Amino acid sequence: MSFAPFSIKVPGKAILFGEHAVVYGQAAIAMPVQRFLTLNFTPRSDAVEQPVLVASDWDLRLDLAAPAAGTETLVKALEAGFGQFPQLSRAVHMELHSEIPRSAGLGSSAALAVALVRGLSKIAGQKDSIEQNVNQAMKIEKIFHGNPSGIDHSVIAFAQPIKFSREQGLGLDVKLANSLEFVVAVVGSHGGTAARVGALAARRERWPVMFQPLMQQIGQIAEQGLQAMQDGDLEQIGALMDINQGLLNALGLSSPDLERAVAVAREAGALGAKLSGAGGGGAMIALCQDKAQEVQQALEALGFVVFRSFVAAQ
Ligand code: MEV
């Protein structure tokens, strides 16, 4: 089977409220960020019946005909993708370009999962819905993260702000009264979402009486945060981000660099700031509005990779 070359482009994501607690059934709010991953699909020129993935931005080359040691998870992830399209020739060459750093809480693996299933679905000539892509990508995210809530690849597939809970599913009617302007700082690698989620599970098992109320409070913050977004109450959104950060810190998910970034962003005029994603490193997001320039400069002065991202009012 041959096909004309094409590209799939998807955004990264940030979690505004509720990471980790969402794994335990609480609500969370996520949004796309203006950092993109592009996956280019071409037929494999040597026609070997195995896919190749080249990702120079991530320093990675994987040929399933001869996978290198250390690529086992990625091999399984690609198998989970291609396995859902058994009728396809596997002679597919994929070149990945990513502005989304890996292991930074910005959804790199979920973006790869969504782009992969969307591309394979296109090669197969299927007109899959976004919901079908979400279900297909979940099989890949499970390989990457073990027990993903599903929020990361859902927000990336829909490319719009979402409310998400494992019990109530996906909420797409997140209406923002104001556009929101964020500064995002990448303070380093978080060392893998699965490791962070697993470490929290162990702490939660040890201190269930303490941790359960913290999780519930995070869920309440997500609900109140959504209301504040709908009301256009920016100060309230910022205050809730700060409280969410305090609770994430109590759960053991912050890091010295994240705390430094949060403090500097607030000092430079952010309305609120918190870690975003798996924590323990990775990304920090600050709600900035008219102080975005000052916050960006203050974070850059600390040596972090910094970019701006916004969510438009609807
Ligand atoms: C990671 O971006 C978000 C977590 O809540 C994990 C998940 O929801 O699968 C930490």
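**View 1. Polar contacts of the ligand in the predicted model.** The side chain of S149 places an N or O atom 2.6 Å from an oxygen atom of the ligand. At D152, a polar side-chain atom lies 2.8 Å from a ligand oxygen atom. H20 takes part through its backbone: a polar backbone atom of this residue is 2.8 Å from an oxygen atom of the ligand. The ligand taken alone exposes 300 Å², of which the protein buries 97%.

**View 2. Residues surrounding the ligand.** The ligand occupies the largest pocket. Its shell includes K13, I15, E19, H20, V22 and V23, and P148, S149, I151, D152 and G277 also belong to it. Sorted by class, the shell holds 5 nonpolar, 3 polar and 3 charged residues. Among the elements that supply at least two shell residues each are the strand β1 (6–17) and the helix α4 (151–158).

**View 3. Surroundings of S254 in the loop between α7 and α8.** S254 is located between α7 (234–250) and α8 (256–267). The residue counts as buried because its relative accessibility is 14%, below the 20% cut-off. The side chain of S254 makes a polar contact of 2.5 Å with the side chain of E259. A polar contact of 3.2 Å links the S254 side chain to that of Q245.

Notes
Residues numbered from 1 in each chain as written. Predicted model: local features only at pLDDT ≥ 70, side-chain atom pairs only at ≥ 80, totals over all residues. Heavy atoms only, no water. Near = heavy atom within 4 Å. Polar contact = N/O pair within 3.5 Å; in protein donor to acceptor, adjacent residues only side chain to side chain. Areas by Shrake-Rupley, 256 points an atom, 1.4 Å probe, with all protein chains shown as cover. 1 Å grid on protein atoms, 1.4 Å probe; cavity = no way out; pocket = protein on both sides within 12 Å on 5 of 7 lines; lining within 4 Å. Sits in = over half its atoms within 2 Å of the grid points. Helix = DSSP H or I, 4+ residues; strand = E, 2+ residues; numbered from the N terminus. Nonpolar A, V, L, I, M, F, W, Y, C, P; charged D, E, K, R; others polar. Buried < 20%, exposed > 50% of the residue type's maximum accessible area, 1.4 Å probe, protein only.
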